[in-house]
Amino acid sequence: MGKPARLGAPTSPPTEMANCLLCWHNFSRLTENRWSLLNTLQGAGETGGRELARRVGRDVKRVHEDAAVLSEPGSIEKNRRRASGLPLWRYSYRHAFALRHVKMKSSPRPPQLDAEPAAAMRSSLLSDVRQLGRVLSLRVPQPQSFSPAPGKLIVPVVLYFVLALAAAMVVKGTSGSVYYQEALHLLPFGEILLVAVLVAAVGGFGNRQGGRLLLVLVWLLALAPVAELYSYTVWEEVESAFDNELPAYAIALVLHGWLALAGAMFVAHALRIRRQAVAMPWFWCRGGAAFVLAGVLLFAVLAASNPFYVWAVESTVADLDYEADSSRVWLKIDEKLLYAQPRLLAEKLASIAPGTPGKAEIFFLGAGGSEQGVFMREVITVEDLFRERYATAGHSLILVNNAATAERLPFANLESLRQALGRVGAQMNGEEDLLFLFLTSHGSKEHALSFSLHPFGFADLDPPGLRAMLDEAGIARRVVVVSACYSGGFIPALADEHTLVITASAADRNSFGCNDSNELTDFGRAYFDEALRQTRSFTAAFARAQARVAEREAEADLTPSLPQMAGGEALAAQLADFARE
């Protein structure tokens, strides 16, 4: 019959007719299994019979027979034999160009080469679930798997919601209800659709491959609640073992990262199957960009999503014990709470009595900035200690971000702290009285103290902002204790001869013990619960706490937090008086 005309070369009518007859003859012999072989070999390079049989899930002998049939008209090529005697098969792109040539020139139009027969394009839900295992193990799924259909998306979407609800109940308890407001805007299916569209556009996916990609990404998203639940259940054990949150974060990132890598590898496999013969490797062309984009965007979506938000615990905050682990209780805002907080802050501010003229007194102000229970317990414990040891009753106020105290104590945020400092400054007697300000929360490398309480968007407190509040309140004599990671960063902005600053760590170090199972942080326990119960001197207590913290960190093989103390030179005489009383 002769060779098909070279692509791009002029062809005569007899040559076109020969190509047409050849292609129609080939199509008449293309069964469903042979279509599958052709699609599998596209972009796969030279493939042995056994490997080809494994990829299509068929018997080696039958695959060899079909390959031999396809090699007769040149649809695939048989190359040199291996030592085992089995041939190597390779897809024939020249023959593919001939088929496309006939498709454009002939009428009626034959089927497209990159389209599968209708029967081959359909895959059952059960087969998709089985192929999902191959995706998770970073292996190549069968080409006909994950056939796109709108109805198929319902199953993983429902599965995500069920798993998210179950995981949230395990974490928060079964006494609650679905938080529809959170569920509507936090379930990340819109983001997944955007990821699929962007990756398909960059990778040059067709409609069918794009639909397959979306279905696979939604299936991977459906497994995210399981990863989130596992990381949460081992979080406290890992953090306690290392006395550091980083290993716990690493576990969560690895679980989400594996799901993202599985999605990216699916993109890579899909592109390798459908790519045309090119001189450069696939990862240097559009496929590489699609692979990286899929992995990065999918990881971002998985890491940012929190399936626990769909379930809200509706226990009234008045019934909660603030000494229990209340950080797992999400704050439910109703009319009572909405109007109670401003009234509560006003009442607490009004309860601060003025100082007694001619008598030096200590005014105490504490703030538990993060919603973890350990910070709430710590600030309450320290307030009780000061009432007992330094007679601060009537001169004391605490601000707490926790659902368990939402109807009893004002929230801690920049505005409430500013008002509290202003009220304390107005009630203090100038050069006689002393402010003891205690702040405990999470800290960042940028030296910002966290003020956080879901679902509020409280701003963090930075050192210049705190200095401005203290100066604005007109408080001349002050001791500031900051218990947080990187809290040493508050010293340059605050410490001076009239301000003694004590921090739980150096500016470039973590502090430890913020695990929610702890009653107090490590520094809070050493300084307040131990040292200040042995001595009334703030500076002597710091020396004892500093030594005790260093000893415990060395025993646990932790990086030293290096607690710091600076400033307060002009306060020495007054601090000594308070220490003797």
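Reader: In this predicted model, how far is the sulfur of Cys514 from the closest cysteine sulfur?
Author: A disulfide requires a pair of cysteine sulfur atoms within 2.5 Å, and the closest cysteine sulfur to that of Cys514 belongs to Cys485. Their separation is too far for a bond, and Cys485 is accordingly listed in no disulfide. The distance from the sulfur of Cys514 to that of Cys485 is 5.8 Å.

Reader: Is Cys485 buried or exposed?
Author: The term buried applies under 20% relative accessible area. Cys514 falls in that class with a relative accessible area of 12%, and Cys485, with a relative accessible area of 15%, is likewise buried.

Reader: How many disulfides does the count come to?
Author: A disulfide is a covalent bond between the sulfur atoms of two cysteines. Cys485 takes part in none, its nearest cysteine sulfur being that of Cys514. By the distance rule of 2.5 Å, the count of disulfides comes to zero.

Reader: In what order do the six strands of the open sheet lie?
Author: The pairing in this open sheet is mixed. Its edge strands, each of which pairs on one side only, are β7 (396-400) and β11 (564-567), and the twist averages 10° from one strand to the next. Read across the sheet, the order is β7-β6-β8-β9-β10-β11.

Reader: Which residue of β10 is the bridge partner of Val480?
Author: Strand β9 (residues 478-483) and strand β10 (residues 499-503) run parallel and are joined by five bridges. Within β10, the bridge partner of Val480 is Val501.

Reader: Which strands of the sheet does helix α22 touch?
Author: Helix α22 (residues 572-580) packs on the sheet, and its direction makes about 80° with that of β8. The buried residues of α22 also pack against α21 (538-555), in addition to the sheet strands that the helix touches, which are β6 (362-368), β8, β9 and β10.

Reader: Within what arc do the buried residues of α22 fall, seen down the axis of the helix?
Author: The buried residues of α22 are Gln574, Leu575 and Phe578, while the face turned away from them carries the exposed residues Ala573 and Arg580. Seen down the axis, the buried residues line one face of α22, because they fall within an arc of 100°.

Reader: Why do the buried residues of α18 line one face of the helix?
Author: The buried residues of α18 are Pro463, Leu466, Met469, Leu470 and Ala473, and what covers them includes α17 (414-427), β8, β9 and α19 (491-494). On the other side of α18, Pro464 and Glu472 are exposed. The buried residues line one face because, seen down the axis of α18, they fall within an arc of 125°.

Reader: Which residue caps the N-terminal end of α18?
Author: At the other end, α18 is followed by Gly474, whose phi is positive, near 70°. At the N-terminal end, a side-chain oxygen lies 2.7 Å from the backbone nitrogen of Gly465, and the capping residue that supplies this oxygen is Asp462.

Reader: Which backbone oxygen lies 2.9 Å from a polar atom of the side chain of Asn518?
Author: Asn518 is found in the loop between β10 and α20 (522-534) and counts as partly exposed, at 25% relative accessibility. Leaving aside residues up to four places away in sequence, Asn518 touches Val374, Arg377 and Gly513. The backbone oxygen at 2.9 Å from the side-chain polar atom is that of Gly513.

Note on methods:
Residues numbered from 1 in each chain as written. Heavy atoms only, no water. Buried < 20%, exposed > 50% of the residue type's maximum accessible area, 1.4 Å probe, protein only. Pairing = 2+ DSSP bridges. Helix = DSSP H or I, 4+ residues; strand = E, 2+ residues; numbered from the N terminus. Axes fitted to C-alpha atoms, helices over the stretch in contact; angles between N-to-C directions. Contact = heavy atoms within 4.5 Å. Arc of directions from axis to C-beta. Polar contact = N/O pair within 3.5 Å; in protein donor to acceptor, adjacent residues only side chain to side chain.
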